[in-house]
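User: I'm new to reading protein structures. Could you pick one part of this one, look at it closely and then show me how the rest is laid out?

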Amino acid sequence: MATSPSRPRGRRHPVPASSSAPPPSSSTAPAAPTTPATSGGGTTSRHAPSTVSALARLYPFARPALPRLVAGMVAALCASLAALAIPRVLERVVNGPLAAGAAEHDTGALAGAVALVAGLGLLEAMFIAVRRGFVMLPGTHVEARMRDALYRHLLELPVAFHDRWAGGQLLSRSMSDLGLLRRWLVFGLPTLVVSTTTILVGVSILIVTGGVLGLVYLAGAIPVTVIAFRFSRRFRAISRLSQDQSGDLATTVEESVHGIRVLKAFGRGRDALDAFTDQADRLRRTEMAKASTQSTVTSALTAIPELTLGVALVVGVVQAANGQISVGALVAFFATAAVVNTPVVDLGMTLSMTLNARTAVDRYFEVLDTPNTLTDPAAPTHLDSPRGDVELRDVTFRYDDAPDAVLDHVDLTLPAGTTTALVGLTGSGKSTLAMLVPRLYDVTDGSVLLDDVDVRDLARHELRTHVAVAFEDSTLFSASVRDNVLLGAPEGLDPPAREALLAEALDVAQAAFVHDLPHGVDTTIGEEGLSLSGGQRQRLALARAIAARPRVLVLDDPLSALDVATEEAVEKRLRQVLAGTTSLVVAHRPSTVALADRVAVLQDGRITAVGTHHDLLTHDPHYRHVISNLEADAAAHGLGEHDDEPAPAPGRTEHA
Ligand SMILES: Nc1ncnc2c1ncn2[C@@H]1O[C@H](COP(=O)(O)OP(=O)(O)OP(=O)(O)O)[C@@H](O)[C@H]1O
């Protein structure tokens with residue numbers, strides 16, 4: 001059975017397939033601080049865009065929020081300027097009322113200066129509060145907008161994309177990466193802008209007012225810049241590794257939870273735990289490496305300005321003793337330097353937030369940039385009420401990255417209103433062929449036609465109103481039975497018509513059990529319908545396909561989990577319902593062939609024979625071989641003694 005498109009759980013690992021493909025799984029990459037780049041994906045390469053241009057890609061999502069974000073930054077800048085103004089007042093106090101000596105104390109001027117300092121402090125606090133008010137809300141809007149866009153794109157992307165990407169990687173991109181971006185927009189970006197401005201303005205003030213002292217302080221900027229640059233390169237690689245490893249861990253949790261029954265049944269809980277612990281430990285080591293890199297840079301960025309201030313103090317005291325600088329100017333210099341020091345010390349934190357955000361942007365756009373290769377035509381053809389003639393004309397199909405074609409120049413016609421069973425050995429490509437009809441995959445060569453129109457010339461939405469599918473692996477959603485069954489029901493039906501459709505579909509699928517559920521058809525079934533038995537799930541999935549009222553019904557072994565009696569009852573009703581519908585039934589049990597007017601045999605990627613069950617049994621040795629295999633398989637599973645002979649149907653064996 002091919003990977004069912006209805007199976008949402010990932011057991012895949014991202015495989016780079018294009019420039020926008022995901023990085024290799026990081027789960028095996030060492031987390032040692034010296035080697036993070038090995039799984040850092042393409043973003044650390046020489047051709048990676050700069051952090052500024054990578055983050056600039058947020059602009060379309062952030063544009064509506066820009067006025068508030070800018071207002072928030074202006075408020076933050078004002079807070080910073082208020083902080084930088086305080087030393088100027090201090091200079092005047094020291095050089096004025098304080099320098100004048102006790103006898104001449106101007107208490108009025110002193111009180112005024114104190115009030116001014118207090119006022120500036122209050123102003124700073126107020127601007128900080130205003131900044132928060134401005135940026136909080138838009139940050140959440142940007143995050144929600146980006147999450148919507150990602151989800152919409154994921155729904156649009158072809159099944160082939162989901163074959164390659166692990167669920168946890170998509171989950172971590174849509175949750176933790178976007179959370180990181182919101183926090184960066186709300187705190188990181190304003191802090192970055194304000195810190196940079198504060199440092200630039202502050203250092204300019206120091207140079208203009210402090211002269212030589214300012215230049216001494218500026219000299220400290222050289223090692224700070226070198227350290228910040230080296231830190232950025234190193235931290236970016238670790239940040240990428242950590243976020244990839246989080247995605248891998250999410251995949252493991254997702255797979256384990258999904259496969260919890262298998263793990264328990266085989267007593268593999270301990271192994272799963274050991275494997276998980278290993279993986280979690282790798283992530284922990286990466287996080288430790290990240291924290292240690294950040295703390296090293298923070299120590300350096302704390303020590304350098306302090307050392308610089310120490311040197312400046314010696315120079316300043318000598319200058320003050322020589323009368324080259326006033327005491328007030330010296331106090332103001334150090335007060336200003338203290339204000340500038342704060343953002344310099346915080347630079348490690350601000351840079352790491354920005355680099356984490358950059359990684360998040362890279363990871364987000366790796367998915368969003370993946371082109372959708374399965375799109376609607378520019379001018380779709382419209383089929384008002386198709387007859388339901390289906391034809392596979394010279395179809396070749398190869399999975400991405402697979403060396404060989406699964407289907408090789410297949411020709412098959414499904415005349416309108418007929419039911420064709422597709423039979424072949426396991427792995428012969430039956431499910432693959434079935435998925436080409438609703439265009440879950442596009443043919444590699446040749447064409448699939450509905451009423452002589454290439455399915456690629458129809459809008460996908462229209463095609464899927466004409467073609468409905470039920471898979472063996474029936475996925476249901478955590479919604480009511482009603483919503484699950486009516487998922488693909490024709491639009492525009494009034495409530496009584498929808499109820500009638502629901503009742504008929506449930507009746508055909510022999511799903512009367514739903515009326516015994518606590519709230520009948522309004523009962524919410526658990527995640528993926530796991531609260532139901534396999535047979536119950538299959539019957540609801542079948543009812544869903546029937547309720548879509550399609551012209552073409554593709555059933556990929558949808559009765560495999562039913563007991564023989566229920567299967568017979570479903571088949572009987574299906575035969576009535578399928579009367580006017582073109583049906584393609586992938587058959588894994590001899591009894592399923594009973595549904596069909598004719599049988600198509602798939603062998604080595606080709607349709608080798610088409611005919612009635614009886615004719616094929618008589619004339620086609622490969623068919624006999626397949627049927628005896630299916631019988632043996634069914635017998636092994638206790639389902640073999642199906643007395644119903646497949647319904648005799650007219651038609652001759654057509655050997656391809
Ligand atoms: N998503 C995929 N990517 C790559 N190869 C795949 C994928 N799905 C299926 N295949 C391969 O394609 C071949 C045909 O698979 P398919 O599921 O169509 O066979 P099948 O006849 O339906 O098998 P079964 O009777 O066991 O369900 C197999 O070799 C399988 O390994």
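Analyst:
**A hairpin and its sheet**

Let's start at the hairpin of β4 and β5, where 2 residues sit between the strands and D451 takes a positive phi near 50 degrees. Keep in mind that this is a predicted model, where local features need pLDDT of at least 70 and side-chain atom pairs count only at 80 or more, while totals for chains, interfaces and linings use all residues. Residue numbers start from 1 along each chain as its sequence is written. Strands (E, at least two residues) and helices (H or I, at least four) are DSSP runs, numbered from the N terminus.

On either side of that turn, β4 and β5 pair in the antiparallel sense over 2 bridges (to pair, two strands need at least two bridges found by DSSP). One residue match to look for is L450, whose bridge partner in β5 is V453.

Now step across β4, which covers residues 445-450, to β1: these two are also antiparallel, with 5 bridges between them. Here E391 has L449 in β4 as its bridge partner. Strand β1 spans residues 390-397, and another 5 bridges tie β1 to β2, again antiparallel. Look for F397, which is partnered with L407 in β2.

Put those pairings together and you get an open sheet of 4 strands, in the order β2-β1-β4-β5, with antiparallel pairing. The edges are β2 (407-414) and β5 (453-454); each has a single partner strand, so one side of each has no neighbour in the sheet. Strands in a sheet pair through backbone hydrogen bonds, and they can do that parallel or antiparallel.

For the parallel version, move along to β6 (residues 467-471). Strand β6 is joined by 5 bridges to β7 (residues 552-556), and the two run parallel. In this pair, A470 stands opposite L555 of β7. Strand β6 is also mostly covered, with 5 of its 5 residues buried (that takes 20 or more other C-beta atoms, placed from the backbone, within 10 Å of a residue's own). In a regular strand, side chains alternate between the two faces of the sheet. You can check both faces of β6: V467, V469 and F471 are buried on one side, and A468 and A470 are buried on the other.

Now the helices. Helix α4 (residues 107-156) and α6 have axes that come within 9 Å and cross at roughly 155 degrees (axes are lines fitted to C-alpha atoms, for helices over the stretch in contact, with angles from 0 to 180 degrees between N-to-C directions). That makes α4 and α6 roughly antiparallel, the word for angles over 145. Helix α6 (residues 167-210) also crosses α8 (residues 221-258), with axes that come within 7 Å and an angle of roughly 120 degrees. So α6 and α8 count as oblique, which is what is left once under 35 (roughly parallel), over 145 and 65 to 115 (roughly perpendicular) are taken out.

Finally, zoom out. The protein chain has 21 helices and 11 strands, and 41% of its 656 residues count as buried. It is divided into domain 1 (58-368) and domain 2 (399-655), with bounds from an automatic or database domain assignment. The C-alpha centres of these two domains lie 57 Å apart.

Conventions:
A residue is buried if 20 or more other C-beta atoms lie within 10 Å of its own, exposed if 12 or fewer, and partly exposed in between; C-beta atoms are placed from the backbone.
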